[in-house]
Amino acid sequence: MSSIPFATDLADLAPVAVAGPFLVAAILVTALPFTRRHVELIAALATSLVVALCVALLLKALHETGPVVSRLGGWQPRPGGVVVGINFTFDSLGAALALLAAVLVAAAQAFTLRFAAAVGATFHALLLVFLGGLVGFALTGDLFNMFVFFELMSVSAYALTAYRIERADSLQGALTFAFTNSVGAIMILFGIALLYGRTGALNLAAVGQALAGRESDGLVVVAFAMITGGFLVKAAIVPFHFWLADAYAVAPTPAGIVFTGVMSDLGIYAVARIYQTVFQAPLAPHAGGVRAVLIGFAVATALLGAVMALGQDHLKRLLAFVTISQIGLGLIGVGLLTPDATAGVALLISADGLLRAGLFVCLGAVLHRCGSVYQSRVHGAGKAMQRVWPVLFTAGTLGLAALPPFGAFWGKALIEGAAADQGYGWIPAVFFVATVLTAAALLRAGARVFLGWGAQSTSSSDPREPKAEERELEESRRRVPQAMLASAAALILAGLALGALPRVIDRAQQGAHVFADREAYAAAVLGRPIPTRPPVAAAHIGAFEVVLALVTVLAAVALAAMLLGRVRIPFTPPAGLRRAAERGFLRLRRLHSGQIGDYVAWATLGFAVLGGTLALAT
Amino acid sequence: MSFLPYVVAVWVCVIGLYGIVTSRHLIHAIICLSVVQSSTYVLLLAIGYRKGYAAPIFIDIPRSTKAVDPVVQALTLTDVVVGGAVTALLLAIAVQLDKHLGTLDPDELDPLRD
Amino acid sequence: MARQAPPRRRPGELSFAGRRRLFVVGAVGLAGLLLWGLAGLPDFSTFTPVYGQVLNRVAVEERSTTDVVTAVNFDYRGFDTLGEEFILFAAVLVLGLLLRALAEERRGKIDDDAPRRHPGKTSDAVRLTTVALVGPTVLLAIYITAHGHLTPGGGFQGGVIAATALLLVYLGGDYAAMRRVRPLTLVTTAKAAGAGGFVLIGLGGLIFAGAFLQNFLPLGQPGHLVAAGTIPLLSLAVGLEVAGGFVLLLSELLDQLLVLRRRRERRSQ
């Protein structure tokens, strides 16, 4: 080898963000029989490298006018636009999601610091494989490769969920998770096969180009429905959502941090990615119908998740339903199909992802210190914890409630603005209801656990004795380790500070316009010059949005205070109405039966409804 | 020509799902899941198949011979391994669960319901 | 299957019949949709996807392989295979966890129990046949793996065949013999080395050729055993990983089976 043509372009290094964690995971497992030393250190180093690389990729993507392409195997497209290799094709949004995944995995590792005995090298290896899967899924530009990485992040997530094999509930959570998500993956593959049978291509840009010339027909609609539905299983959109609460509630806390922070978000990201690159052109005449269908599913999810969150005793389940509700809100933005709404979603999911992950760490600390995460069992037990925990918990909750001027607020405002432009002026009402309910549920939980407010319920929801729980980590329960505190504080502060980054809204908008520009995407992949885009008009966020957001937060606080009995309600609802509401709610909870058969039946129905409504709307 | 292979794929998919939904034993449900997975093999291979074409292996045939699509075969191979890995993982979890609870009837299991 | 009593349901939960009704409605819709979509495909056996066509034309030349499917799996779409390797890797890691839990559970008692559980039921004919087959099976596995770039085969197929040799030992010999021929540490290491090796070859491409997984070795002549650059090495890496993974998988499930059977026996006594 006379000259070493070492990668000159940063984009060529992108696959290292996937392969690096894989390699380190393999090394950890190989070394496992010989030494257990330095496992955390090696894993943390690998993750830091991925974080650094993702930052670099994000900066590069921000500087480009089109998406960044990294050609794996060095294969160039052939004449006629035939893409023979697999590409990574990403813009600032994709890179930001990869970065979010890497940061959350780093936080999860920090959480486990000093607990090598409890969390073995296998766990770290799984976490690294999971990281590689998340990053690969966020960056790839190939349909089948998306499926592979979807399965990779799923399988490593099942494995992480089932990690505590000595506990039956972990195993069962992993089973329902695995069944529903595998069905989703199979449907994605059906959609991919349909597209391959029509276009003879697997690259997103190539498939998009091949579909662009023709009117959409049954094949296109069904392929869109199957691929979207499959990703919505991962995103836990109603009625595909059942598995999520079962899995998140039993997953070990470090895994839960990454699950709640980024895994579901990747589901709606993939829907947006697929729509903008592949289906945008053929479905453009029916964009209104697609919008209506996606927003319909999204609104149902946002509201159902919020109502369920309010009724949970188990704190991790509560946060799981908050996740569901917020992903529903994110899907509203995705479903609007406009760049500005997408920019809003990008801000919303990064800020909320960090904050939810931070709250999950708080719950991990409660579990560690108090030995349970049932509100009824740890009522007031949090008083013994350092005072910084309730402060962090409240700050995180208010951030999630989109309190101005923190990150999530800008995202919400952008989505609401875009909704009004598309004739969905009522969307702010959905945001209001969902946010008030989820924030009130979290605030009430925090007040119960950390302050001992409210009556100590005897677990009204669950008549049976709650299962005995084991602390995840064997060490003394006296002190919450500093590493836990550090990782919670870092996540929550980062989530709040996101809105203060320089020109963050502007940059998100720029990124979203690149994201939605099908022609630029195809040009970048096929090696053609990228067409120039008209400058992006800055989004207008008015005083109305700020006032509405403040009212929302106040309403949430008021509702929480009312539920805790700190504020007298000036009226009593009629008994009949209350009984009906209680009965309805009980029915709703009982639908979440934990039965694989039920969940798969619902998912089947979900695919049928999604496809049927899309067929009618196009 | 014929539409039948595609119908077979749909049939295998739906019948496998029916098996999962009505299953009274977890091992049975897991096998049903791999039945659903197999429907994708049928579909992928059917899409790339052409009657009379050779296999895309050019060791003892001239390179100009018409051969069937190699891509769907490669995809199927990947898909098979993925399916196998998922099945293996599920079976392992099921066996472990059986050790804990002594049953694999989904109705006897008592998960974290609410 | 014998009819069983209808499953218990708590009030408010879907009944078994209700679930089935729900499913039938969904499944009819889903099947209709899928058929509607599939109706948009070209008729069976009339479609030649352009992607595969191009590869059939250029792959032999470009990669010096005669098996285009292998060229797709290990080069053009090698990144899929990388992801798939690590899916297997993650699944098998969990099996490793279970194995270790089991080892703690029984604390070395298994060897004492082994003779009792296999009281020479295996007939001599079975023993002879299986033992005679072990060697050829391993040889076949090596052949299939090594010739992946020439003829149908490669690392997946070879790896699975190699793992079946273990099953033969179990069938013909006894459980204790099976435990002797699978040093778990070695198997785990081989498996991880296979997975890691794949990544290292990919990184070699990045360093020496400019892109991840790009070929950086001499291509040689199509049809020769030593040819096709990195493809045989990647195939070998996959073979190691798959063989290691399946050996772990089979031994774990067999171990569990024996423990469960022992428990049942004890329970029924």
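Begin by selecting chain C of this predicted model, where 48% of the 269 residues count as buried. Colouring chain C by secondary structure should bring up 10 helices and zero strands, so that a walk from the N terminus reads α-α-α-α-α-α-α-α-α-α under the run-based assignment used here. If you then draw the contacts within chain C that have a separation of 6 or more, 72% of them join residues 24 or more positions apart.

**Where chain A meets chain C**

Keep chain C displayed and add chain A, of which 71 residues are in contact with 65 residues of chain C. On the side of chain A that touches chain C, the elements that each supply at least two residues are helix H1 (16-31), helix H4 (121-139), H5, H6, helix H8 (218-235), helix H21 (575-591) and H22 of chain A. Colouring this side by residue class gives 44 nonpolar, 17 polar and 10 charged residues.

**Where chain A meets chain B**

Now hide chain C and show chain B, whose 32 contacting residues face 41 residues of chain A. Two or more residues on the chain A side come from each of helix H5 (143-161), helix H6 (168-199), helix H9 (242-250) and helix H22 (596-617) of chain A. Select H6(A) in particular, since with 17 residues it gives the most to the side of chain A that touches chain B. By class, the residues on this side divide into 24 nonpolar, 11 polar and six charged.

**Confidence along chain A**

Before going into local detail, colour chain A by pLDDT, for which the mean is 88, with 93% of the residues at 70 or more. Among the elements of chain A, the lowest mean pLDDT, 86, belongs to H21(A), and the highest, 95, to H8(A). Next select residues 1-7 of chain A, where the pLDDT is below 50 and where the model has nine contacts beyond near neighbours in sequence. A further stretch to select is residues 459-468 of chain A, over which pLDDT stays under 50 and for which the model has 12 contacts beyond four places in sequence. Where pLDDT is low, the predicted coordinates should not be read in detail.

**A pair of helices in chain A**

Select residues 339-370 and 407-421 of chain A, which are helices H13 and H15; their axes come within 7 Å and cross at roughly 155 degrees. Because that angle is over 145 degrees, H13(A) counts as roughly antiparallel to H15(A). Looking at the pair, you will find that the crossing is left-handed. To see the contact itself, show the side chains of its residues, including Leu347(A), Leu348(A) and Ala351(A) of H13(A) and Trp410(A), Leu414(A) and Ile415(A) of H15(A). Taken by class, this contact has 11 nonpolar, four polar and three charged residues.

**The loop before H13**

Step back from H13(A) to Leu337(A), in the loop between helix H12 (315-336) and H13 of chain A. Leu337(A) is not a glycine, yet its phi is positive, at about 65 degrees. Leu337(A) is buried because 23 other C-beta atoms lie within 10 Å, where 20 or more suffice.

**The loop before H15**

Go next to the loop between H14 and H15 of chain A and select Ala402(A), another residue other than glycine with a positive phi, near 65 degrees. Ala402(A) counts as buried, with 29 C-beta neighbours inside 10 Å.

Pro404(A) has its place in the loop between H14 and H15 of chain A, and a cis peptide bond, with omega about 5 degrees, joins Pro404(A) and Pro405(A). Pro405(A) is in the loop between helix H14 (388-400) and H15 of chain A. With 18 other C-beta atoms within 10 Å, Pro404(A) is partly exposed. Leaving aside residues up to four places away in sequence, Pro404(A) touches Phe409(A), Val546(A), Ala549(A) and Leu550(A). A distance label from Pro404(A) to Leu548(A), C-alpha to C-alpha, should read 10.0 Å, although the two are 144 residues apart in sequence.

**Last stop**

Finally, move to the loop between H8 and H9 of chain A, where Pro239(A) lies. The peptide bond to select there is the one that joins Val238(A) and Pro239(A), which is cis, with omega about 0 degrees.

Terms used
Residues are numbered from 1 along each chain as its sequence is written. Chains are lettered from A and ligands numbered from 1 in the order in which they are written. This is a predicted model: local features need pLDDT of at least 70, side-chain atom pairs count only at pLDDT 80 or more; totals for chains, interfaces and linings use all residues. Two residues are in contact if their C-beta atoms, placed from the backbone, lie within 7 Å. Helices (H or I, at least four residues) and strands (E, at least two) are DSSP runs, numbered from the N terminus. Ala, Val, Leu, Ile, Met, Phe, Trp, Tyr, Cys and Pro count as nonpolar, Asp, Glu, Lys and Arg as charged, and the others, Gly among them, as polar. Axes are lines fitted to C-alpha atoms, for helices over the stretch in contact, and angles run from 0 to 180 degrees between N-to-C directions. Angles under 35 degrees count as roughly parallel, over 145 as roughly antiparallel, 65 to 115 as roughly perpendicular and the rest as oblique. A crossing is left-handed if the near helix is turned anticlockwise from the far one by less than a right angle, and right-handed if clockwise. pLDDT is the predictor's confidence in each residue, from 0 to 100. A residue is buried if 20 or more other C-beta atoms lie within 10 Å of its own, exposed if 12 or fewer, and partly exposed in between; C-beta atoms are placed from the backbone.
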